[in-house]
Amino acid sequence: KSLKFVEPFYIDGGNKYFSKNYIYNIEDVDIKNAENIIKNSFSGYGTEIKPENFKLVLFSPGSTRHTKEAPSYLFSLFADFLNKEGYFVVITGSKKNMDIAKDIYEHIDNKSMSFNLTGLTDIYNLGGLIHLSKFVLTVDNGTLHLASALKIPVIALFGSTDPAVCAPISDKVYIIDKKKGCYHCFKSLCDKEDYKIKRYADCMSNILYEDIIDGFNYLLNSNI
């Protein structure tokens, strides 16, 4: 299966060392499968809600490194905001991200406009869902790069890793990087004493809900 993903995912211009302008040529079957997932997740899709009027936002809050994850309440609050603005939200990730996804979903008010797909999709379904999304909210993980390769707008949350090194080069990516304390340490575990209590690294805890709203407004006003 990985070959199917590796073959169409390449570096523009053939220079893998100096370009981060990724391109991913998605297949029609992956888009169709994503549409079926949406239909099964949200009642009324395709009937009362026409696909062309359906506004989807994809969340990808999890990472292989916990220090790259932002507080779950940021995603929950933003989902509430988006739902009120008429957007539907899907939460995605691997089975290893089940805990943070569950915490986010449990604190979202409107369950009819938000759905937790964490652990239920593969890379192809994810590509299809991203393709159908208005934009993506994510931390520094594979979803960030896949969304960039699909030319979908992204709000990317950084802290323990450096966007100058890790972020894709794209005018469709809005980066939130608060640059406070011992940021960009690239560590898997935070050294701060209250890390186990807070559950999130200080650099990620510095990100505010208002920062994400600023990112949303930027993407909205930029018409990208």
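Here a trainee and a mentor talk through a predicted model and the reasons behind its labels.

Trainee: Glad to start! What is the overall make-up of the protein chain in helices and strands?

Mentor: Happy to help. The protein chain has 10 helices and 8 strands. Of its 224 residues, 51% are buried. The chain exposes about 11300 Å², and carbon and sulfur atoms supply 53% of that area.

Trainee: How do you know that C190 is in no disulfide?

Mentor: The structure holds 0 disulfides. For C190, the nearest cysteine sulfur is that of C182, 5.6 Å away. A disulfide needs the two sulfur atoms within 2.5 Å, so C190 does not qualify.

Trainee: And what rules out a bond for C203?

Mentor: The same kind of check. The closest cysteine sulfur to that of C203 is in C185, at 6.1 Å, which is too far for a bond.

Trainee: Are those two cysteines buried or exposed?

Mentor: Buried means under 20% relative accessible area. C190 comes in at 15%, so C190 counts as buried. C203 has 10%, so C203 is buried as well.

Trainee: Why is N125 called buried?

Mentor: Its relative accessibility is 13%, and the cut-off is under 20%, so the label fits. N125 lies in helix α5, residues 123-131.

Trainee: Which residues does N125 contact, leaving aside neighbours within four places in sequence?

Mentor: N125 is in contact with N33, A34, I37 and L120. A34 and I37 are among the buried residues of α2.

Trainee: Let's look at α2, then. How does its reach compare with the span expected at 1.5 Å a residue?

Mentor: Helix α2, residues 28-41, has 14 residues and reaches 20 Å from its first C-alpha to its last. The expected value is also 20 Å, and the two are close.

Trainee: Which residues of α2 are buried, and what puts them on the same side?

Mentor: D30, I31, A34, I37, I38 and S41 are the buried ones. They cover an arc of only 115° around the axis, so they sit on the same side of α2. An α-helix has 3.6 residues a turn, so residues three or four places apart point the same way.

Trainee: Which residues are exposed on the other side of α2?

Mentor: There D28, K39 and N40 are exposed, a label that calls for over 50% relative accessible area.

Trainee: Last one: what share of the chain's contacts with a separation of 6 or more comes from residues 24 or more positions apart?

Mentor: Such residues account for 65% of those contacts in the protein chain.

Conventions. Residues numbered from 1 in each chain as written. Predicted model: local features only at pLDDT ≥ 70, side-chain atom pairs only at ≥ 80, totals over all residues. Heavy atoms only, no water. Buried < 20%, exposed > 50% of the residue type's maximum accessible area, 1.4 Å probe, protein only. Helix = DSSP H or I, 4+ residues; strand = E, 2+ residues; numbered from the N terminus. Contact = heavy atoms within 4.5 Å. Expected span 1.5 Å × (residues − 1). Arc of directions from axis to C-beta. Areas by Shrake-Rupley, 256 points an atom, 1.4 Å probe, with all protein chains shown as cover.
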